[in-house]
Amino acid sequence: MAKDILGEAGLHFDELNKLRVLDPEVTQQTTELKEECKDFVDKIGQFQKIVGGLIELVDQLAKEAENEKMKAIGARNLLKSIAKQREAQQQQLRALIAEKKMQLERYRVEYEALCKVEAEQNEFIDQFIFQK
């Protein structure tokens with residue numbers, strides 16, 4: 001009966017017969033909730049660590065991808081410059097070939113002229129020798 005009167009007043013006895021303001025069942029539920037909250041906070045902490053690691057890994061992969069992208073762009077630019085250099089070299093070689101062909105033609109004409117002069121001189125020598 002005394003427990004009922006105290007219960008109506010909001011006072012309760014726990015298992016150790018200590019006077020409490022809260023009902024022992026509410027206290028137990030509060031303790032369980034506290035433990036569940038602590039577990040939840042621990043799990044959230046673990047989740048944050050995992051997510052942090054994942055974000056770090058993704059950032060690292062993004063940096064590596066960006067580096068590879070830059071390398072590919074550099075290689076492509078180098079390839080373009082090599083192609084332009086090769087084209088310029090080909091034009092220079094074509095110009096040199098044309099120049100050498102013109103020089104060859106001049107030498108051929110000069111050779112024919114010299115052959116003609118030689119033939120004339122040989123003919124002159126032969127005529128000079130026969131006249132003596």
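## Salt bridges in helix α2

A salt bridge is defined here as a side-chain nitrogen of Lys or Arg within 4 Å of a carboxyl oxygen of Asp or Glu. By this criterion, E105, R108 and E112 are linked in a network of salt bridges. The model is a predicted one, in which local features require pLDDT of at least 70 and side-chain atom pairs count only at pLDDT 80 or more, while totals for chains, interfaces and linings use all residues. Residues are numbered from 1 along each chain as its sequence is written, and side-chain values use heavy atoms, with hydrogens and water left out.

Within the network, the closest N and O atoms of E105 and R108 are 2.3 Å apart, and R108 also meets the side chain of E112 at 2.5 Å, N to O. E105 and R108 are three residues apart in helix α2, a separation of about one helical turn; E112 and R108 lie in the same helix, four residues apart, again about one turn. Helices (H or I, at least four residues) and strands (E, at least two) are DSSP runs, numbered from the N terminus.

Accessibility is classed as buried under 20% relative accessible area, exposed over 50% and partly exposed in between (1.4 Å probe, protein chains only). E105 is partly exposed at 38%, R108 is partly exposed at 37%, and E112 is partly exposed at 44%.

The whole structure contains four salt bridges, one of which joins K38 and D42 at 3.6 Å, N to O. These residues are four apart in helix α2, so about one helical turn separates them. K38 counts as exposed because its relative accessible area is 52%, whereas D42, at 38%, is partly exposed.

## Aromatic pair

Rings of Phe, Tyr and Trp (its six-membered ring) pair if their centres lie within 6.5 Å; planes under 30 degrees apart count as stacked, over 60 as edge-to-face and the rest as tilted. One aromatic pair is found by this rule. F124 and F128 form this pair, which is stacked, with 6.4 Å from centre to centre and 20 degrees between the planes.

Both phenylalanines belong to helix α2 (residues 24-131), where F124 and F128 are four residues apart, about one turn of the helix. F124 counts as exposed because its relative accessibility is 55%; F128, at 45%, counts as partly exposed.

## Nonpolar surface patch

L54, L57, V58 and L61 make a nonpolar surface patch of about 370 Å². Patches consist of residues with over 30% relative accessible area and no salt bridge, like charges being joined within 9 Å and nonpolar side chains (Val, Leu, Ile, Met, Phe, Trp, Tyr) within 5 Å. Accessible areas come from the Shrake-Rupley method with a 1.4 Å probe, and for residues only the protein chains shown count as cover. Within this patch, L61 is found in helix α2 and is partly exposed, with a relative accessible area of 48%.

## Annotation and confidence

The unreviewed UniProt entry places a "coiled-coil region" at residues 79-110. UniProt positions follow the numbering used here, feature names are shortened, and annotations may be inferred rather than shown by experiment. In the model, residues 79-110 are 100% helix and 0% strand, and the end C-alpha atoms are 46 Å apart.

The predictor's confidence in each residue is expressed as pLDDT, from 0 to 100. The protein has a mean pLDDT of 88, with 81% of its residues reaching 70 or more. Among its elements, helix α2 has the highest mean pLDDT (95), and helix α1 (residues 2-8) the lowest (54).
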